[in-house]
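User: I am in my first year and would like to learn how to read a model like this one. Please take a close look at a single part of it, and then connect that part to what surrounds it.

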Amino acid sequence: GMSSGHKNLQPQQNTHPTVKPIKLMKALIEEFTEQGSIVFDPFMGSGTTGMAAVVLDRDFIGCELTPEYIPLANTRIQYAKDNREAFQ
């Protein structure tokens, strides 16, 4: 909601393309892990799996070979962590 602070608002066009993959990864993470588990993604890319993990109260460890992706992934995962209700 609006009470969560304007600093975390993200333009709609940045979140929209990732809605389906996040839903898919959430379903898989819920099926195969428990709350408090560690989810490891050795090919993190832009961090969609990490977003799903933190939204579901799992810890996340990701690796990525392409250095340019890491700040983007970190930002997206932190956004998901700070705005869990937007991804329910």
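Analyst: Let us begin with Arg84, which counts as partly exposed because its relative accessible area is 31%, a value lying between the 20% under which a residue is buried and the 50% over which it is exposed. Please keep in mind throughout that this is a predicted model.

What does Arg84 pair with? Its partner is Asp57, with which Arg84 forms a salt bridge whose closest N and O atoms are 3.8 Å apart. In sequence the two residues are 27 places apart, and the pair links distant parts of the chain, since Asp57 sits in the loop between H3 and S2 while Arg84 belongs to the segment after helix H4, residues 69-82. Side chains of opposite charge can pair when their charged atoms come close. A search of the whole structure finds 1 salt bridge.

Asp57 deserves a second look for its own sake. Like its partner, Asp57 is partly exposed, because its relative accessible area is 42%. The backbone of Asp57 has a phi angle near 70°, which is a positive value in a residue other than glycine.

From this loop we can step back into helix H3, where Val55 lies. Is Val55 buried or exposed? Val55 is buried, because its relative accessible area is 6%. If we leave aside residues up to four places away in sequence, Val55 touches Lys26, Ala80, Arg84, Phe87 and Gln88, a list that brings us back to the arginine of the salt bridge. As for Lys26, it stands 29 residues from Val55 in sequence, yet the two C-alpha atoms are 8.2 Å apart in space.

Phe87, another of the residues that Val55 touches, leads to a pair of rings. By the rule used here, there is 1 aromatic pair. It consists of Tyr79 and Phe87, whose ring centres are 6.0 Å apart and whose planes stand at 90°, so the pair is edge-to-face. Both Tyr79 and Phe87 are buried.

Helix H3 also holds Thr49, and this residue takes us from the helix towards the strands. Thr49 is buried, because its relative accessible area is 14%. Beyond residues up to four places away in sequence, Thr49 touches Met25, Ile29, Val39, Asp41 and Phe60. Two of the residues in that list face each other, for Val39 stands opposite Phe60 in S2. The strands concerned are S1, residues 38-41, and S2, residues 59-62, which run parallel and are joined by 4 bridges. To get from S1 to S2 the chain passes through helix H3, residues 48-55, in a β-α-β crossover that is right-handed.

Finally, we can place this part within the whole. The chain has 4 helices and 2 strands, and from the N terminus on the order of these elements is α-α-β-α-β-α. Of its 88 residues, 34% are buried, a group that includes Val55 and Thr49. If we consider contacts between residues at least 6 apart in sequence, 53% of them join residues at least 24 apart. The accessible surface of the chain comes to about 5900 Å², and carbon and sulfur atoms account for 58% of it.

Key. Residues numbered from 1 in each chain as written. Predicted model: local features only at pLDDT ≥ 70, side-chain atom pairs only at ≥ 80, totals over all residues. Heavy atoms only, no water. Buried < 20%, exposed > 50% of the residue type's maximum accessible area, 1.4 Å probe, protein only. Contact = heavy atoms within 4.5 Å. Areas by Shrake-Rupley, 256 points an atom, 1.4 Å probe, with all protein chains shown as cover. Pairing = 2+ DSSP bridges. Right-handed = clockwise from strand over helix to strand, strands pointing away. Salt bridge = Lys/Arg side-chain N within 4 Å of Asp/Glu carboxyl O. Phe/Tyr/Trp six-rings, centres within 6.5 Å; stacked < 30°, edge-to-face > 60°.
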